[in-house]
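Q: Please take one part of this model and look at it closely, with the cut-offs behind each term spelled out.

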Amino acid sequence: MEYIFNTRLRGNIALTDSYHTNLALQKDNTLYKFIWVQSGSLQLEIDHVPTTLVKGEIIPLTPLHHIEFKAINGEYLTLLFNSNFYCIFGHDNEVSCNGFLFNGTSNVMQLKLSESQVASLRDITDSLTSEYAIKDNLQEEMLRILLKRTRIAREKFSVSPEREKAFDMVRQFYVLVDNHFKEKKMVQDYADMLHRSPKTLSNLFTTCGLPSPLRIIHERIEAEAKRLLLYSQKSAKEITEILGFEDQATFSRFFKKMTGESVSEYRKREKRE
């Protein structure tokens, strides 16, 4: 099963049960993705990190993530879309997924769906397949409406009206880190942009059961460093400059502290495996 819809303005949305065999979709580096296991299990490597999904689990991925299918022991669906079709930034108030569900770290959020969420998601995918069969000028908007219904982030964190501001603050922090981690590496930098104190941010993240703000910054830098080491031919010196470190020694110390390996050890080990 595969349904692909393209708009006049180069917007794309696709629903497929065989993403692992579609090289065109795999090579499209503009697509956001939801991978949902409907039966059995799915073994993946995401940015070289082993990940196993079982029935009823779903993961959101950004265009930054590199995916490799290791074993498929069941059935799964992948919903893919690009920003021209549906901009998660412009519609963030509607779906509240930017920052939480979609961010650039390699620590991908793995969601276990409840029975009611599974039923709702089945309704959405069934509606999508029905909409693909209808050829009229309302199709594009109908598909967008269906995509908006995947409000998984709010359900995952049980966001009540009382927690709304805290939820939005944390999401804004993730978005800012994604946009500025190369030049801003201190919590104070982001606290200033959010008009909060570093202590307030730290307390907020603790209350939400999340890693510290500094850890989130460091994990985003680490993820980008690993991608550059594994998926580019850039030297350690070039990566140092790209990530905004003052010198190669500083970058090397940071990488060793985060991973337990030197830059050269990591690159050799991962590329050999």
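A: The account below deals with one helix and the way its residues are placed.

This is a predicted model, in which local features need pLDDT of at least 70, side-chain atom pairs count only at pLDDT 80 or more, and totals for chains, interfaces and linings use all residues. Residues are numbered from 1 along each chain as its sequence is written, and side-chain values use heavy atoms, with hydrogens and water left out.

Helix 3 covers residues 115–132, where helices (H or I, at least four residues) are DSSP runs numbered from the N terminus. For its 18 residues, at 1.5 Å a residue, the span should be 26 Å, and the end C-alpha atoms are 26 Å apart, which agrees; the expected span is 1.5 Å times one less than the number of residues.

The buried residues of helix 3 are Gln-117, Val-118, Leu-121, Ile-124, Thr-125, Leu-128, Thr-129, Glu-131 and Tyr-132, buried being under 20% relative accessible area, exposed over 50% and partly exposed in between, with a 1.4 Å probe and protein chains only. Seen down the axis of helix 3, these buried residues fall within an arc of 165°, so they line one face of the helix; the arc is that of the directions from the helix axis to the C-beta atoms. Glu-115 and Ser-116, on the other side of helix 3, are exposed.

For contrast with another helix, Ala-166 sits in helix 6 (residues 164–180) and is partly exposed, with a relative accessible area of 22%. Between the C-alpha atoms of Ala-166 and Phe-205, which are 39 residues apart along the chain, the separation is 8.8 Å.

Conventions:
Helices (H or I, at least four residues) and strands (E, at least two) are DSSP runs, numbered from the N terminus.
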